[in-house]
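Biologist: I would like to go through this model slowly, beginning with a general view and then staying with one part of it. Please explain each step in a way that a first-year student can follow.

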Amino acid sequence: MTIEYVAFRKPDARAAIVFAPGRTEGTHTFMQLAYDLRDEPYDVFMIDHRGQGASTRLLPDPMKGHVDAFDNYIADYAELVDSVVMPGD
């Protein structure tokens, strides 16, 4: 299982914004948001939920959305925060 994300980091960032698009919306849909935040002192992270965007699909048909349990989304988001956004914290 691969959970994809995009990260826009700034050397002088004072905080991070972690954005989770809704169902059927991948990170590519929100590149304008990242662009609009470019001058702000924040790192910006966006996740493609499992079965969405560039993340691994759970069914053979990539057009069908599926997740075993909503808690999987929570676990994926927590993993992104723990390992990418705030590693070592």
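How much area does the protein expose, and what share of it do carbon and sulfur atoms supply? After that, please take a close look at the largest nonpolar core and at helix α2 (70-85), which supplies at least two residues of this core.

Modeller: Please keep in mind from the start that this is a predicted model. The protein exposes about 5,700 Å², and carbon and sulfur atoms supply 54% of that area. Of its 89 residues, 26% count as buried. The C-alpha atoms fill a box of roughly 40 × 30 × 15 Å when the box is taken along the principal axes. There are two helices and three strands, and if you follow the chain from the N terminus, these elements come in the order β-β-α-β-α. Among the contacts with a separation of 6 or more, 72% are accounted for by residues 24 or more positions apart.

With that background, we can turn to the part you asked about. The largest nonpolar core is made of five residues, namely Phe-45, Ile-47, Leu-80, Val-84 and Val-85. Two elements, β3 (42-47) and α2 (70-85), each supply at least two residues of it, and the largest share, three residues, comes from α2.

Ile-47 is a useful residue to select on your screen, as it is one of the five members of this core. Leaving out residues up to four places away in sequence, Ile-47 touches Asp-76, Tyr-77 and Leu-80, and its other partners include Ile-3, Glu-4 and Tyr-5 as well as Phe-19, Ala-20, Pro-21 and Thr-27. Leu-80 appears in that list of contacts, and it is also a member of the core.

Now move along α2 to Phe-70 and Tyr-73. A search of the whole structure finds two aromatic pairs. In the pair formed by Phe-70 and Tyr-73, the ring centres are 5.6 Å apart and the planes stand at 80 degrees, so the pair is edge-to-face. To follow that step you need the cut-off, which is that planes over 60 degrees apart count as edge-to-face. Because Phe-70 and Tyr-73 are three residues apart in helix α2, about one helical turn separates them. Although they are paired, their surroundings are described by opposite words: Phe-70 is exposed, with a relative accessible area of 60%, whereas Tyr-73 counts as buried because its relative accessibility is 16%. The reasoning rests on the limits of under 20% for buried and over 50% for exposed.

The strand that shares in the core also deserves attention at another of its residues. Tyr-42 lies in strand β3, and with a relative accessibility of 22% it counts as partly exposed. The C-alpha atoms of Tyr-42 and Ile-17 are separated by 6.6 Å, while along the chain these two residues are 25 residues apart. Ile-17 is also among the residues that Tyr-42 touches, together with Phe-8, Lys-10, Ala-13, Arg-14 and Ala-15, if residues up to four places away in sequence are not counted.

Between β3 and α2 the chain passes through a loop, and His-66 has its place there. At 31% relative accessibility His-66 counts as partly exposed, and, apart from neighbours within four places in sequence, it is in contact with Leu-58 and Leu-59. From His-66 to Ala-16 the C-alpha distance is 29 Å, and these residues are 50 residues apart in sequence. Arg-57 lies in the loop between β3 and α2 as well, and it too counts as partly exposed, at 29% relative accessibility. Its contacts, again leaving aside neighbours within four places, are with Gly-51, Gln-52 and Pro-62. The C-alpha atoms of Arg-57 and Val-67 are 8.9 Å apart, and the two residues are 10 residues apart in sequence.

One further loop residue can be set beside these. Gly-26 is found in the loop between β2 (15-19) and α1 (31-36), and it counts as buried because its relative accessibility is 1%. Gly-26 touches Pro-21, Asp-48 and Gly-53, not counting residues up to four places away in sequence. Pro-21 is also a contact of the core residue Ile-47. Between Gly-26 and Met-46 the C-alpha distance is 8.8 Å, with their positions 20 residues apart in sequence.

How values were computed. Residues numbered from 1 in each chain as written. Predicted model: local features only at pLDDT ≥ 70, side-chain atom pairs only at ≥ 80, totals over all residues. Heavy atoms only, no water. Helix = DSSP H or I, 4+ residues; strand = E, 2+ residues; numbered from the N terminus. Buried < 20%, exposed > 50% of the residue type's maximum accessible area, 1.4 Å probe, protein only. Contact = heavy atoms within 4.5 Å. Areas by Shrake-Rupley, 256 points an atom, 1.4 Å probe, with all protein chains shown as cover. Core = buried A, V, L, I, M, F, W, Y, C linked by side-chain atoms within 4.5 Å. Phe/Tyr/Trp six-rings, centres within 6.5 Å; stacked < 30°, edge-to-face > 60°.
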